[in-house]
Structures are given as structure tokens and as C-alpha cells.
Amino acid sequence: MTKKLLLASTVLAGMTAVASAADLPRRAPPPVFTPIPVFTWTGFYAGLESSYAFTDRQRIITNGTTPVTVGNVAAGRRLSTVTTEQDAVGKLGGTFGYNYQFTPGSGFVIGVANSIDWTDLTKNRFVIGAPLAGGVVGNPAAYRQSLDWLGTLTGRVGYGFDRVLVYGMGGLAYGNVFYDARFFTPGNALQFAGRYDDFETGYAYGGGIEFAVPTDSFLNTFAFGKYLGLKYEAVTVKVEYLHYDLGSRNVVVSAVPGVGTGAYVSRFTTDGNVVRAGFNYKFSGL
């Protein structure tokens with residue numbers, strides 16, 4: 001009888017423990033770990049920019065080609081050297097390129113970029129040479145030099161500090177140059193004229209800094225690309241400086257028939273500096 005009571009008590013205690021365990025709260029499932037994506041500069045990009053261009057005392061050097069014209073330059077009646085300075089806020093330009101970052105997050109970045117900016121650089125210069133004998137006014141001259149647009153195809157090497165990229169750049173510069181020289185008699189009659197208008201190439205180098213705007217930043221509100229249906233990963237803003245040099249060209253300034261004889265040669269140089277600011281859409285990192 002005693003054994004039966006003990007057995008019954010054990011069974012009852014076990015059933016009570018099971019019932020109590022069923023009433024305990026269930027353990028919450030472990031949280032799902034979602035890794036924060038690491039930003040990378042790898043990928044294609046395209047955007048718009050504006051520029052400010054300025055030159056550093058570009059020189060126009062004139063020499064005579066005949067005894068008379070050589071003598072005029074030697075006497076100062078035709079100035080042998082004229083300097084011009086230009087500056088202008090450029091119109092809208094565009095850029096596109098590709099970057100590759102070796103280690104996402106922070107790491108070295110290499111890439112290539114092509115930009116075209118409407119620089120709108122134009123300079124007119126009017127000068128007068130030394131007075132002639134008897135107090136006659138010297139020979140006037142008028143020069144015009146312009147660079148309507150400038151393109152650069154450059155390689156980029158830099159370092160990305162997460163969403164900040166600091167880089168240097170260098171490579172090809174190209175654009176359309178226009179040179180014009182007109183020499184007058186002391187009575188302001190056109191005596192010699194010459195011009196050059198052509199596509200030229202050279203080199204450019206510089207550097208810049210670029211910042212990738214976080215996707216939750218209010219600045220993305222102004223990224224009009226999303227209203228156009230563009231599928232991009234980030235919007236970046238940049239500021240960069242470039243020095244460009246398109247070389248020197250000779251312009252033959254020939255005599256106007258019936259007014260002058262002989263000719264001059266004026267050598268124009270085209271070099272200067274550009275500060276560019278703009279924004280890019282960064283696309284797939286593949």
C-alpha cells in the first residue's frame with residue numbers, strides 16, 4: 001500500500017512540474033544581426049559641374065620677318081611682348097568616369113575621369129608702341145585671345161576615408177583656341193592681320209576632395225536624379241583645382257595689300273587654372 005502511495009505521489013509531482021513549465025513565458029528568439037554596409041568608391045559616376053577659370057599673365061611675343069618689321073620691333077614701335085590676364089565664371093559642364101577602391105571603407109582609390117567645361121575665357125588687349133620721330137603716336141595693335149571650352153581626360157589616385165575621398169589627378173587637356181592679331185598705322189588704318197582658330201591638346205594636373213552624401217541626409221532631397229528615375233547608390237559633391245597648358249602657337253600677321261609690306265609672327269600661349277565644383281551620381285559598385 002505504501003509503495004502505491006509513493007508511486008502515485010511521484011506521478012502527481014511530475015505532472016505538476018510539467019504543467020508549471022508550460023505556464024512559463026517563452027524565450028524570445030535571438031535578434032537577427034544585420035551588418036552595416038561598408039561604403040565603397042568603386043563604381044561608375046556621372047554629374048554636372050561649374051567652373052571658375054583664370055590665367056597667369058599669358059604672353060604674346062611678336063617678331064618681324066623682314067628688315068622693316070624687324071626694325072619696328074627693335075625700336076619698340078611694335079611691342080615685342082604683351083601680357084594678357086583672363087578670368088571668367090564658366091557655364092555648366094559635365095563629367096563622367098570610374099573609380100576602383102582596393103579596400104572598401106578606407107583604402108586607396110584609382111580611377112579615370114573625363115570633364116568638359118564651357119570656360120568662356122575671352123580677352124581683348126589694345127596697346128600702343130613707342131612714339132615715332134616728331135612726336136607721332138606709335139603703332140597701335142589689338143589682340144584677342146579666347147578659350148571657349150576646356151576638356152580634361154585624367155587619371156585619379158587618392159585615398160578614401162569612408163565617405164571622404166582626397167585625390168590627385170593628371171593627364172590630357174584639350175580645347176578650342178582662338179587667336180587674333182591686328183596691327184595698325186599711326187592713323188589707325190589696318191596694316192597687318194592674322195588669326196588662328198583650331199582644336200589643341202596639352203596637359204593638366206591638380207587635385208580635389210569629394211564627399212559622398214549619406215542616403216539619410218537632407219541633401220539627398222535636392223538630388224533631382226531620383227525624380228528622373230535614376231537608380232544610383234549615392235550623391236557626391238566635389239571641389240577640385242586644375243592647372244592646364246595647351247601650349248604655344250605662331251600666328252602669321254600678314255600685310256594688308258596696298259597698306260603694308262612684310263609680315264610679323266606673334267606667338268600666343270594658352271595656359272591657366274580652373275576651379276571646379278559640382279556633384280555626381282555614383283552608380284553600381286560592380
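Accessible areas here come from the Shrake-Rupley method with a 1.4 Å probe. On that basis, in this predicted model, the accessible surface of the protein chain comes to about 15,800 Å², and carbon and sulfur atoms hold 66% of that area.

Beneath this surface, the secondary structure of the protein chain consists of 2 helices and 12 strands, which, read along the sequence, are arranged in the pattern α-β-β-α-β-β-β-β-β-β-β-β-β-β. Among the contacts in the protein chain with a separation of 6 or more, 75% are accounted for by residues 24 or more positions apart, and 39% of the 286 residues count as buried.

One of the buried residues is Gln58, which lies in strand β2, spanning residues 58-64. Gln58 has a relative accessibility of 2%, and because buried means under 20% relative accessible area, Gln58 falls into that class. Leaving aside residues up to four places away in sequence, Gln58 touches Val82, Thr83, Thr84, Gln86, Gln145, Thr269, Thr270 and Asp271. With Asp271 there is also a polar contact, in which the side chain of Gln58 reaches the backbone nitrogen of Asp271 at 3.0 Å.

Phe161 offers a second point of reference, in strand β8, which covers residues 140-161. Its relative accessibility is 47%, so Phe161 counts as partly exposed. Phe161 also belongs to a nonpolar patch on the surface, formed together with Tyr52, Val89, Val166, Ile209, Val239, Tyr241 and Val275; the accessible area of this patch, taken together, is about 700 Å².

Note on methods
Residues are numbered from 1 along each chain as its sequence is written. This is a predicted model: local features need pLDDT of at least 70, side-chain atom pairs count only at pLDDT 80 or more; totals for chains, interfaces and linings use all residues. Side-chain values use heavy atoms; hydrogens and water are left out. Patches are made of residues with over 30% relative accessible area and no salt bridge: like charges are joined within 9 Å, nonpolar side chains (Val, Leu, Ile, Met, Phe, Trp, Tyr) within 5 Å. A salt bridge is a side-chain nitrogen of Lys or Arg within 4 Å of a carboxyl oxygen of Asp or Glu. Helices (H or I, at least four residues) and strands (E, at least two) are DSSP runs, numbered from the N terminus. Buried means under 20% relative accessible area, exposed over 50%, partly exposed in between (1.4 Å probe, protein chains only). Contact means heavy atoms within 4.5 Å. A polar contact is a pair of N or O atoms within 3.5 Å; within protein, one must be able to donate a hydrogen and the other to accept it, and residues adjacent in sequence count only if both atoms are side-chain atoms.
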